[in-house]
Amino acid sequence: MGGLRLFVLVILSIWLGCGTASAERRVALVIGNSAYKNVAKLANPTNDAALVGGMFKTAGFDVVDIKLDLNVVDMRKALREFGTKARDADVAVIYYAGHGIELDGNNYLIPTDAALETDTDVFDETFPLDRVLFAIEPAKQLRLVILDACRDNPFTRTMRRTVASRAIGRGLAKVEPSSPNTMIAFAAKAGSTASDGDAKNSPFSTALVGRLPTPGLDLRKAFGFVRDDVLKSTGYKQEPYVYGSLGGDDVPLVPVKPVATGPQASPQDSVRRDYELALQIGTREVWTAFLAQYPDGFYASLAQGQLKRIGAEEARAAAVDKARQAEDEKARLATERAKAAEQAKAAAAAKAAEDARLAAEKAKQIEEAKAAAAEQRRKDAEAAVAKAMAEKQAAEKALADKIANDKAAAEAKALADKEAAERRAAEKQALDKQAGVESQQNVAALAPAPTQSALSPQDIAKLVQLELRRVGCLTATAEGDWSATSQRALSTFNKFAGTKLDAKVASLDTLDAIKARQGRVCPLICERGFKADGDRCVKITCRAGFRVSDDNECEKFPEKKPAAAREDSKGRDEQRKQVESAPVKPQANGQMFCNGAGCRPVRSGCKLVPGGSGAASGDGRPRAMLEICN
């Protein structure tokens, strides 16, 4: 009982260690051949296949195919289908338990319908080990074949040799894989046979299940521990052996569980995982160990229901056995021509046993119904918790987006109010200056009325620049210097307003023409990752699994990445997530920088300045602009 409980705890720890899915894709094919048609049936292979297949499922493999008692057609189909699944896998494993044979230095696996009357039948009725290696060859990182097929082969006793010199060896022959990162494990080293043992499973499969799923344990060390365990359990008569080689890095079958960086799981998660593992095993000893670990709570009640169901099944089995014994006794008494009283007594005992069996069957059905109802309640409760968590996360994300957008809108409005205030102050200053000039002219009353405006060219240029900023054609500040930037802004206004104003000078006619326009004239230009929304730029938000492309569109993450670049991309993904989750900042710079290679937006933290002194070159053309960055 103590050993079984320790085994269950080991399995539970493996389950917890493999709860987080690895980034790599792992697939496994498990074959167990016991029911041979032309030789004696093997007791352990189907049990070993079920045990090892359960280990792979518990270890978190993406695909685990368990195939039992395959004939030649089914075995060929299983290898072909698994080869297709291995093309997209990083780790591919094939486990085979059954008969194997060595012929002229080559190893073959024997299906259940093989006859092998002559040595040449080996080529037609069996599968060479090379065919198994071919099925797992597409795997990217690790290819592993585990053969528990070194048993004493009964086919060799009746097989006729067509060539007297042809060698049929004992056990399997030594093999050296030609592909890199490939390992082949034998239950017994080349030239020797393996033992099935006296238990339900072979010593080799029992050691595999105890050692291979250890998180982070390198395969070479794991098989070394398997060797030690098998030697001890067989009295040093059977020594497993591994052929092939791997690189210098550790290659575990089950990666170490990564450190959690997101929200932590609730304490009930470990109880739930242990319950689900116990549910898969389903024995009385496992449920008793579970209740010893978790004596109360919701899952303890479910475990007690499972124990009642098992008790009902045991009672039913005992009643069936008792009824069978009663029937045997009745037949014996009838055969021996016993007295009528004894026959009647035996008949009454048989009827009572049958009634007890029916009652036990009914009790079992009732307990199974209760257990199924309790299991459904558990699933409904877990689904409700998962739905509540998803709704909470969605609400928090919506609230964060609303806060970010409101903040961006407030900052954009404050910037617009500031620019409007500057424009009104400049107009008031110009009007006050013009009123002072007219007052001086009225006092003098000697000079004729002026024919031109009293505003200076710098004042007119500043007013035009403020209006260009209002209609969205100028992003630089209004300083009164009619530079090449201002000229390009007026040219942009002409383009989108359909006017032909002189861009080289700032005039009152230009000022009046721009004032006549209401709202934005020039389109809003936003940086990468932002889009225009009215008069401001807002951050582009993509749904889960998508990101912003170079064309400012949401595109789906690529599903496949080279294995060598996976670790390097983690940092870039984390940096991109931080940038995309940052609050939206108002876009104040819509300038474009053009040169001989083309045009692009001015980089963040940079600005455009004239290439030399003055606004234009000697021939009247604007000077080249330079991009200056802090």
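In the predicted model, Ile 101 has Tyr 108 of strand β5 as its bridge partner. Strand β5 spans residues 106–109 and is joined to β4 by four bridges, the two strands running antiparallel. Both strands belong to an open sheet of three strands, arranged in the order β4-β5-β6 with antiparallel pairing. The edges of this sheet are formed by β4 (100–103) and β6 (127–128), each of which pairs on one side only. In general, the strands of a sheet pair through backbone hydrogen bonds, in either a parallel or an antiparallel manner.

Charged side-chain contacts were examined next. A search of the whole structure yields 27 salt bridges. One of these is formed by Arg 272 and Glu 382, whose closest N and O atoms lie 4.0 Å apart. This pair links distant parts of the chain, since Arg 272 is located in helix α9 (residues 268–281) and Glu 382 in helix α12 (residues 340–444), with the two positions 110 residues apart in numbering. Arg 272 has a relative accessible area of 22% and is therefore partly exposed. Glu 382, at 24% relative accessibility, likewise counts as partly exposed; buried residues would fall under 20%.

A further salt bridge is found between the side chains of Asp 321 and Arg 324, with an N to O distance of 2.7 Å. Both residues lie in helix α11 (residues 298–335); because Asp 321 and Arg 324 are three residues apart there, about one helical turn separates them. Asp 321 is partly exposed, its relative accessible area being 33%. For Arg 324 the relative accessibility is 45%, and this residue also counts as partly exposed.

Glu 336 and Arg 332 form another salt bridge, in which the closest N and O atoms are 3.0 Å apart. The relative accessible area of Glu 336 is 51%, and the residue is exposed, the threshold for this class being over 50%. Arg 332, by contrast, counts as partly exposed at 36% relative accessibility.

Salt bridges that share partners also connect residues into a network, which comprises Arg 272, Glu 276, Glu 375, Arg 378 and Glu 382. The pair Arg 272 and Glu 382 described above, with its 4.0 Å separation between the closest N and O atoms, thus has both of its members in this network.

Key
Residues are numbered from 1 along each chain as its sequence is written. This is a predicted model: local features need pLDDT of at least 70, side-chain atom pairs count only at pLDDT 80 or more; totals for chains, interfaces and linings use all residues. Side-chain values use heavy atoms; hydrogens and water are left out. Buried means under 20% relative accessible area, exposed over 50%, partly exposed in between (1.4 Å probe, protein chains only). Two strands pair if DSSP finds at least two bridges between them.
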